[in-house]
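I sat down with this model to look up how its strands are arranged. Here are my notes, in the order I took them.

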Amino acid sequence: MDPNLGYGYEYSYAINMDDNIIPACIEADILSSNDEALAVSNLRKVHVFVIQTKFKVIRKLDDDESDMYDCEMMETEDLRIKFLVSADRSDFRELFDQQFSLIHFRLSEYLMPDDQILALIRQVFDFTQEIVSVDPSVPIVPIVVDVDVCTLQLDGETIYDTFDRAVTPDCLTPLEPVEKENKLCRRRVWDFLLYDLPRVRVDKGSGLMEECPICMCGPSRGSLVSWLPCKHAFHSHCVTRWLIKRQSCPLCRHEIVLDKGG
Ligand SMILES: [Zn+2]
Ligand SMILES: [Zn+2]
């Protein structure tokens, strides 16, 4: 992996409490039947987190020697997390870490350096704890994290190349539910996709893959490439979309055995 690959990306974020996200995050039944009971007993709390990401490409202005940048807005994505915790704090830390391992995964896909990811998650945790300590009776804690992911045009780079390596939702692992009747199976599919599937960032012209057999495009600078046990390689986001539906190689149909170490 190119150690300088992180260069050319910038991140900023803000953490806020926002009651407006509650209706979108909480099903009507929880609000109507349990809200009052939650508030009275304070035994359990609903925590909702929405990570709202804006993806931007920042174009360097041509005839300007100061650091003036023109901003090009790209797409957005919302990640929603909701969980119930008892008033017992030790329970909360564990649940929080569990739920945020998914966010950690996604922020890594944004090419955010690990120390920045951990700092962000720690701040969200501290912010949440502060909200709860100010008003322990609040039944629902709605936290919004606004994240800007900016791909910066570098010196000597054409804007087309910048767009080519820009972080956009198309190039991310789809975190949609796996359609399976069996919960255990769904969990194993995700464990495999998120944690067992190898991913490596490549520069253009990687030896791993000339062209992705699924989308027929070559890897661009910074692309994530994955390979299956049969050694066939694909864009990570392409093969993940395939594997959500069926657990076999798109090329040779080699079956993926999901049991760890099995
Ligand atoms: Zn592909
Ligand atoms: Zn294969």
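**Notes on the sheets**

I began with an open sheet of three strands, which come in the order 5-6-7 and pair antiparallel. I then looked for its edges and found strand 5 (200-202) and strand 7 (233-235), each pairing on one side only. From one strand to the next, the twist here averages 40°. A reminder to myself before reading on: this is a predicted model.

Next I checked how strand 5 meets strand 6 (residues 223-227): three bridges, in the antiparallel sense. For a concrete pair, I noted that V200 has V225 in strand 6 as its bridge partner. Which helix packs on this sheet? I found helix 7 (residues 236-245), which touches strand 6 and strand 7. The direction of helix 7 makes about 100° with that of strand 7.

Then I turned to the other sheet. I see four strands in an open sheet, ordered 1-4-2-3, with mixed pairing. Why is one side of strand 1 and of strand 3 left without a neighbour in the sheet? Strand 1 (9-17) and strand 3 (69-86) stand at the edges and each has a single partner strand, so one side of each stays free of a neighbour in the sheet. The twist in this sheet averages 15° from one strand to the next.

I followed strand 2 (residues 44-60) along strand 3 and noted 16 bridges, with the two running antiparallel. One pair I picked out is K45, which stands opposite V85 in strand 3.

Last, I looked up helix 4 (residues 114-134), which packs on the sheet and touches strand 1, strand 2 and strand 4 (140-152). I noted about 155° between the direction of helix 4 and that of strand 4.

Key. Residues are numbered from 1 along each chain as its sequence is written. Chains are lettered from A and ligands numbered from 1 in the order in which they are written. This is a predicted model: local features need pLDDT of at least 70, side-chain atom pairs count only at pLDDT 80 or more; totals for chains, interfaces and linings use all residues. Two strands pair if DSSP finds at least two bridges between them. Axes are lines fitted to C-alpha atoms, for helices over the stretch in contact, and angles run from 0 to 180 degrees between N-to-C directions. Two residues are in contact if their C-beta atoms, placed from the backbone, lie within 7 Å.
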